[in-house]
Amino acid sequence: MLEPSDSRSNLRSTFETLRTAWLETRPAYAQRIDDLKRLQRAFAGSMDEMVEAISADFGHRSRHESLLGEGSVVMSEINHALRKLKFWMKPERRSAGWEH
């Protein structure tokens, strides 16, 4: 069994590896837009499967209820991300939050 200090060390090492990889290969705006559009197409293409799965899980839930309650929410959020992505990607100065 790992000691707590070993776990923290392992976690720190993993974090640093992931952080370095992220900083070196940060996706550009165009890549992120493409990813969101592909997600949108994939989700739209699997809507029928989602509706069937929800119907089975909830005891024959209405198709329209699933499309409105689940499908439209997800599509709306993807569209929101597409509209706001450029703004969200702008660099922004943040304070550390330390009180004196």
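**Figure 1. Arg41 in helix α2 of the predicted model.** R41 is exposed, with a relative accessible area of 53%; buried means under 20% relative accessible area, exposed over 50%, and partly exposed in between (1.4 Å probe, protein chains only). R41 is found in helix α2; helices (H or I, at least four residues) and strands (E, at least two) are DSSP runs, numbered from the N terminus. In sequence, R41 and V74 are 33 residues apart, and their C-alpha atoms lie 12 Å apart in space. This is a predicted model in which local features need pLDDT of at least 70 and side-chain atom pairs count only at pLDDT 80 or more, while totals for chains, interfaces and linings use all residues. Residues are numbered from 1 along each chain as its sequence is written, and side-chain values use heavy atoms, with hydrogens and water left out.

**Figure 2. Gln40 and the residues that it touches.** Q40 is placed in helix α2. Its relative accessibility is 18%, and Q40 therefore counts as buried. Leaving aside residues up to four places away in sequence, Q40 touches M75, I78, N79 and L82, where contact means heavy atoms within 4.5 Å.

**Figure 3. The two sides of helix α3.** Helix α3 covers residues 47-57, and M47, M50, V51, I54 and S55 are buried in it. Seen down the axis of α3, these buried residues fall within an arc of 130 degrees, so they line one face of the helix; the arc is that of the directions from the helix axis to the C-beta atoms. An α-helix has 3.6 residues a turn, so residues three or four places apart point the same way. On the other side of α3, E49, E52, A56 and D57 are exposed. The cover over the buried residues of α3 includes α2 (29-45) and α4 (63-89).

**Figure 4. Ser66 in helix α4.** S66 is found in helix α4. At 0% relative accessibility, S66 counts as buried. Not counting residues up to four places away in sequence, S66 touches M50, V51, I54, R61 and G71. Among these partners of S66, M50, V51 and I54 are also buried residues of α3. Between the C-alpha atoms of S66 and W88, which are 22 residues apart along the chain, the separation is 30 Å.

**Figure 5. Gly59 and His60 after helix α3.** G59 follows α3 and has a positive phi, near 70 degrees. H60 is placed in the loop between α3 and α4. Although H60 is not a glycine, its phi is positive, about 65 degrees. Most residues other than glycine have a negative phi, and most peptide bonds are trans. With a relative accessibility of 71%, H60 counts as exposed.

**Figure 6. Arg26 in the loop between α1 and α2.** R26 is found in the loop that lies between α1 (4-24) and α2. At 47% relative accessibility, R26 counts as partly exposed. R26 and R12 are 14 residues apart along the chain, and their C-alpha atoms are separated by 20 Å.

**Figure 7. The protein chain as the setting of the close-up views.** The protein chain has four helices and zero strands, and read along the sequence it follows the pattern α-α-α-α. The radius of gyration of the protein chain is 21 Å, whereas a compact globule of 100 residues would have a value near 13 Å; the radius is taken over C-alpha atoms, and the globule rule is 2.2 Å times the number of residues to the power 0.38. Along its principal axes, the C-alpha trace spans about 55 × 45 × 35 Å. Buried residues make up 17% of the 100 residues. Of the contacts between residues at least 6 apart in sequence, 57% join residues at least 24 apart.
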